[in-house]
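Biologist: Hi! Could you walk me through this one before I start working with it? I'd like to know how far to trust it, then how it is put together.

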Amino acid sequence: MVEGEVSLKGDNLYIRGLQLPVSRGTPALAAAAVSTCKSLGSHLPYAYLVGDTGLGEGSRRLYQYLVDNIKDVKASVFAFHYLQPDVDWHNKVLFAVEEIEPKPLLIADAGFMYAAKMSGQARSYKLFTPDAGELAFLADEEAPHPFYTRGFILHQEAGIPELISRAYKNDNSSEYLLVKGSKDYVAESSGIRAIIDSPANEAMEAIGGTGDTLTGIVSALISSGMRIDDAAITASGANRFAGHYAQVTPASQVIELIKYIPKALETVLEK
Amino acid sequence: MHWFSKKKNLRHKAPGQKGTDRGILVFENTSEVIRAENELKSRGWKVRVMGPPPEIRTGCDLVIEFPLIEELNILRSLEEVGLTPLQVVPVSCPLLQPVDLFHCKNFGDYLMVRAANMKLTIDKNRLIIVNVSGGGCPDVTYLAAELVGKRLDAAPQPRNIGHTLCTYALQLAYEEIRRLCSQ
């Protein structure tokens, strides 16, 4: 396990002297967050990373470390990402985080979001960033993992507003939602606040990590003090423009998009 | 252009799940379930993976549903390959059924198939896996590293190297894309 401030140079992340190639998953989130923080002149993110090829040992080590140490962390925003979904460990971490004063703002995506929903504690989070399939999982009150989302709920793009409404109605959503897809939706319990659909590049859906970069950008924007809904709208636009400038295809890798985040942010923030 | 491929009628509560003629095998982890399923199906047993009942769910779980009458023979088969379930219990309530609805998207030179939260994309002309996206379990990055850049028929099957429900969903996408490419 390693913890420390994260930096980005070329195609690699650096943390405590360790070099990590930027690929899908948490490295993509971290790289996008670093790139955004640098563009804004903010502090770089601090990360807790562990290796886990799916057996869960690494995740449990990190869970335990967070339970033991997180209450001493002074940070305004926590973004939880790829961790083996485990309701018990999720709850232990959440309880430890709730001891922190002042209370940090919590964001969840990926495996930790699955556990947050399954635990019934989704409302403890300010923001979830599901893709359309994960939104269907949030909307299905009986599904403990997206793997079990019932067929009649499984997403159709036209049904996204209904799925959002269902997720809120069953208390399986965070306060805000940023739903990633061919159109990005920014929502809260009172309804949809914004729909962002340009620039449009269908290839983004096929590229591993483009959802992770969106989560990284929005987390960094929120950390800079931006309102959550404004940060979600800005992040959506920036992620799209980054893909547009990179001229991605379904075969592109996420690092190609990350290189264009600074230019994309400039475009969106100037609008 | 994109279309839905509905493999079969999807019901949340699978039929015939009443009484005690079916049981479930509960293993230490999803990885063992995947291995057990591979082994039992290769030996011709009519088993299927399902979601565990609520009282034993932890977060990323699969169980194997099997005909109770074959319990001894099935356990013997598993023992031969070093697999021992933690529990063997009769099915007492409807079990969650894995997703088997696919969403396919045609990008011209590329084809993407989504199963649940996992997406697999191939170069249709060269039949090379070009991307893996979606998911939230920690083995997704590892699976992508092992699959991307490889020909579809040369890449390892996700279920042979992964350990989670995201692995299983990717396996479904993989099987569907192979089926489509063989047409």
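Modeller: Happy to. This is a predicted model, and chain B averages a pLDDT of 86, with 89% of the residues scoring at least 70.

Biologist: Where in chain B is the confidence lowest, and where is it highest?

Modeller: The low end is strand S1 of chain B, residues 2-6, at a mean of 35. The high end is strand S9 of chain B, residues 128-134, at 97. Over residues 1-18 of chain B the pLDDT is below 50, and beyond near neighbours in sequence that stretch has 27 contacts in the model.

Biologist: What should I do about low-scoring parts in general?

Modeller: Where pLDDT is low, the predicted coordinates should not be read in detail.

Biologist: Noted. Which scores does the predictor give the complex?

Modeller: An ipTM of 0.91 and a pTM of 0.90.

Biologist: Then let's look at the contact between the chains. How many residues does each chain put in?

Modeller: Chain B gives 42 residues and chain A gives 42 residues. On the chain B side, at least two residues each come from strand S7 (110-115), strand S8 (118-123), S9, helix H3 (140-147) and helix H5 (165-181). S9(B) has the largest share, with five residues.

Biologist: What is the chemistry of that side of chain B?

Modeller: It divides into 20 nonpolar, 17 polar and five charged residues.

Biologist: And the core, which residues have the most contacts inside it?

Modeller: The largest nonpolar core has 144 residues, and those with the most contacts inside it are Leu135(A), Ile164(A), Leu120(B), Ala169(B) and Ala173(B). Domain 1 (22-90) and domain 2 (101-181) of chain B each contribute at least three residues to this core.

Biologist: Pick Ala169(B). What is it in contact with, sequence neighbours aside?

Modeller: Leaving out neighbours within four places in sequence, Ala169(B) contacts Phe147 of chain A, written Phe147(A), together with Val99(B), Ala115(B), Ala116(B), Asn117(B) and Met118(B).

Biologist: You mentioned two domains in chain B. How many residues does each bring to the contact between them?

Modeller: The domain assignment gives domain 1 as 22-90 and domain 2 as 101-181. Their centres, taken over C-alpha atoms, are separated by 25 Å. Seven residues from domain 1 of chain B and seven residues from domain 2 of chain B make the contact. On the domain 1 side there are three nonpolar, four polar and no charged residues.

Biologist: What about the overall make-up of chain B?

Modeller: Chain B has five helices and nine strands, running β-β-α-β-β-α-β-β-β-β-β-α-α-α from the N terminus on. Of its 183 residues, 47% count as buried. Among contacts in chain B between residues at least 6 apart in sequence, 61% join residues at least 24 apart.

Biologist: Over to chain A. Is helix H4 mostly covered or exposed?

Modeller: Mostly covered: nine of the nine residues of H4(A), 110-118, are buried. Among them are Phe112(A), Tyr114(A) and Lys117(A). The buried residues of H4(A) pack against strand S5 (77-80), helix H3 (87-97), strand S6 (105-108), strand S7 (127-128) and helix H5 (132-139) of chain A. Just after H4(A), Gly120(A) takes a positive phi of about 80°.

Biologist: What order do the strands follow in the six-stranded sheet of chain A?

Modeller: S5-S6-S7-S8-S9-S10, an open sheet with mixed pairing. The edge strands are S5 and S10 (191-196) of chain A, each pairing on one side only. Further in, S7(A) pairs with S8(A), residues 176-179, in the parallel sense over two bridges. Leu127(A) stands opposite Tyr176(A) there.

Biologist: Ile192(A) is in S10, right? Why does it count as partly exposed?

Modeller: Yes, Ile192(A) is found in strand S10 of chain A. It is partly exposed because 15 other C-beta atoms lie within 10 Å, and a buried residue would need 20 or more. Leaving aside neighbours within four places in sequence, Ile192(A) contacts Pro161(A), Ile164(A), Tyr185(A) and Ala187(A).

Biologist: Last one: what does strand S1 of chain A pair with?

Modeller: S1(A), residues 2-9, runs antiparallel to S4(A), residues 46-49, with four bridges, and Val2(A) stands opposite Leu49(A). Four bridges also join S1(A) to S2(A), residues 12-15, again antiparallel. S1(A) and S2(A) form a hairpin with two residues between them, and Gly10(A) in the turn has a positive phi of about 65°.

Notes
Residues are numbered from 1 along each chain as its sequence is written. Chains are lettered from A and ligands numbered from 1 in the order in which they are written. This is a predicted model: local features need pLDDT of at least 70, side-chain atom pairs count only at pLDDT 80 or more; totals for chains, interfaces and linings use all residues. pLDDT is the predictor's confidence in each residue, from 0 to 100. A residue is buried if 20 or more other C-beta atoms lie within 10 Å of its own, exposed if 12 or fewer, and partly exposed in between; C-beta atoms are placed from the backbone. Domain bounds come from an automatic or database domain assignment. Ala, Val, Leu, Ile, Met, Phe, Trp, Tyr, Cys and Pro count as nonpolar, Asp, Glu, Lys and Arg as charged, and the others, Gly among them, as polar. Two strands pair if DSSP finds at least two bridges between them. A nonpolar core is a set of buried Ala, Val, Leu, Ile, Met, Phe, Trp, Tyr and Cys residues joined through C-beta atoms within 7 Å.
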